[in-house]
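Q: Please take a close look at one part of this model, namely the way its helices pack against one another. I would like a connected account that runs from individual residues to the helix pairs.

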Amino acid sequence: RSSLPQTRAHASSSTALYLSIPTSPAASAFATLSISATAGIAADKMKLLGGGGSGTVVSLLVASVLSNIGLAPSSHPLYDICWTKLLPASLAFMLMSGFGGDDN
């Protein structure tokens, strides 16, 4: 037998499998925000869905998938900070910049 801790999938009474990963809720929330933001930026750079707003859609989809499969907490104070402080500030900066979405 190995003395290393093992991570294994647990099967519930339904057919869904949940991966048990030992992390703190703060680390999971930070990872969710980081991964979804990175995916959104990559989608904007590649013009994944055609035009403007593709990064927003991809970020939302990635975050909701991570939350639905149980890898991200559904609520956390870090999300509240983003919603109450960062979002209003980013909207104000976007309005002051004149909606500069094109890099031409």
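A: The model is a predicted one, and a convenient place to enter it is Tyr79, which belongs to helix H3, spanning residues 77-97. Beyond its neighbours within four places in sequence, Tyr79 has contacts with Ala29, Thr32, Leu33, Ala72, Pro73 and Ser74. With Pro73 there is also a polar contact: the side chain of Tyr79 comes to 3.2 Å from the backbone oxygen of that residue. Phe30 lies 49 residues away from Tyr79 along the chain, and the C-alpha atoms of the two are 9.0 Å apart.

The pairing of H1 with H3 gives these contacts their setting. On the H1 side the participants are Ala29, Phe30, Thr32 and Leu33, and they meet Leu78, Tyr79 and Cys82 of H3. Sorted by class, this contact holds six nonpolar residues and one polar residue, with no charged ones. The two axes come within 9 Å and cross at roughly 40°. H1 is therefore oblique to H3, since this angle falls in neither the range under 35 degrees that counts as roughly parallel nor the range from 65 to 115 that counts as roughly perpendicular.

His76 sits in the loop between H2 and H3. Its relative accessibility is 17%, so His76 counts as buried, the limit being under 20%. The side chain of His76 reaches the backbone nitrogen of Leu78 at 3.0 Å. Leu78 is itself one of the H3 residues that meet H1. When residues up to four places away in sequence are set aside, His76 touches Pro25, Ala26 and Ala29. Ala29 is also among the contacts of Tyr79.

The other pairing to examine is that of H1, residues 25-46, with H2, residues 54-68. Their axes come within 7 Å and cross at roughly 150°. An angle over 145 degrees counts as roughly antiparallel, and H1 and H2 are therefore roughly antiparallel to each other. The crossing of H1 past H2 is right-handed. From H1, the residues taking part are Thr32, Ile35, Ser36, Ala37, Ala39, Gly40, Ala43 and Asp44, and from H2 they are Ser54, Gly55, Val58, Ser59, Val62, Ala63 and Leu66. By class, the residues of this contact divide into eight nonpolar, six polar and one charged. Thr32 appears in the contact of H1 with H2, and Thr32 is likewise listed in the contact of H1 with H3.

Within the contact of H1 with H2, Ser59 deserves a closer description. Ser59 is located in helix H2. Its relative accessible area is 19%, and Ser59 is therefore buried, because the limit is under 20%. Apart from neighbours within four places in sequence, Ser59 is in contact with Ser36, Ala37 and Gly40. In the case of Ser36, a polar atom of the Ser59 side chain lies 2.9 Å from the backbone oxygen. For Gly40, the C-alpha atom is 4.7 Å from that of Ser59, although 19 residues separate the pair in sequence.

Gly40 also offers a reference point for the loop between H1 and H2, where Gly53 is found. Gly53 and Gly40 are 13 residues apart in sequence, and their C-alpha atoms are 9.2 Å apart in space. At 36% relative accessibility, Gly53 counts as partly exposed.

These details can finally be placed in the chain as a whole. The secondary structure comprises three helices and two strands, arranged along the sequence in the pattern β-β-α-α-α. Of the 104 residues of the protein, 14% count as buried. Among contacts with a separation of 6 or more, 45% are between residues 24 or more positions apart.

Methods: Residues are numbered from 1 along each chain as its sequence is written. This is a predicted model: local features need pLDDT of at least 70, side-chain atom pairs count only at pLDDT 80 or more; totals for chains, interfaces and linings use all residues. Side-chain values use heavy atoms; hydrogens and water are left out. Helices (H or I, at least four residues) and strands (E, at least two) are DSSP runs, numbered from the N terminus. Contact means heavy atoms within 4.5 Å. A polar contact is a pair of N or O atoms within 3.5 Å; within protein, one must be able to donate a hydrogen and the other to accept it, and residues adjacent in sequence count only if both atoms are side-chain atoms. Axes are lines fitted to C-alpha atoms, for helices over the stretch in contact, and angles run from 0 to 180 degrees between N-to-C directions. A crossing is left-handed if the near helix is turned anticlockwise from the far one by less than a right angle, and right-handed if clockwise. Ala, Val, Leu, Ile, Met, Phe, Trp, Tyr, Cys and Pro count as nonpolar, Asp, Glu, Lys and Arg as charged, and the others, Gly among them, as polar. Buried means under 20% relative accessible area, exposed over 50%, partly exposed in between (1.4 Å probe, protein chains only).
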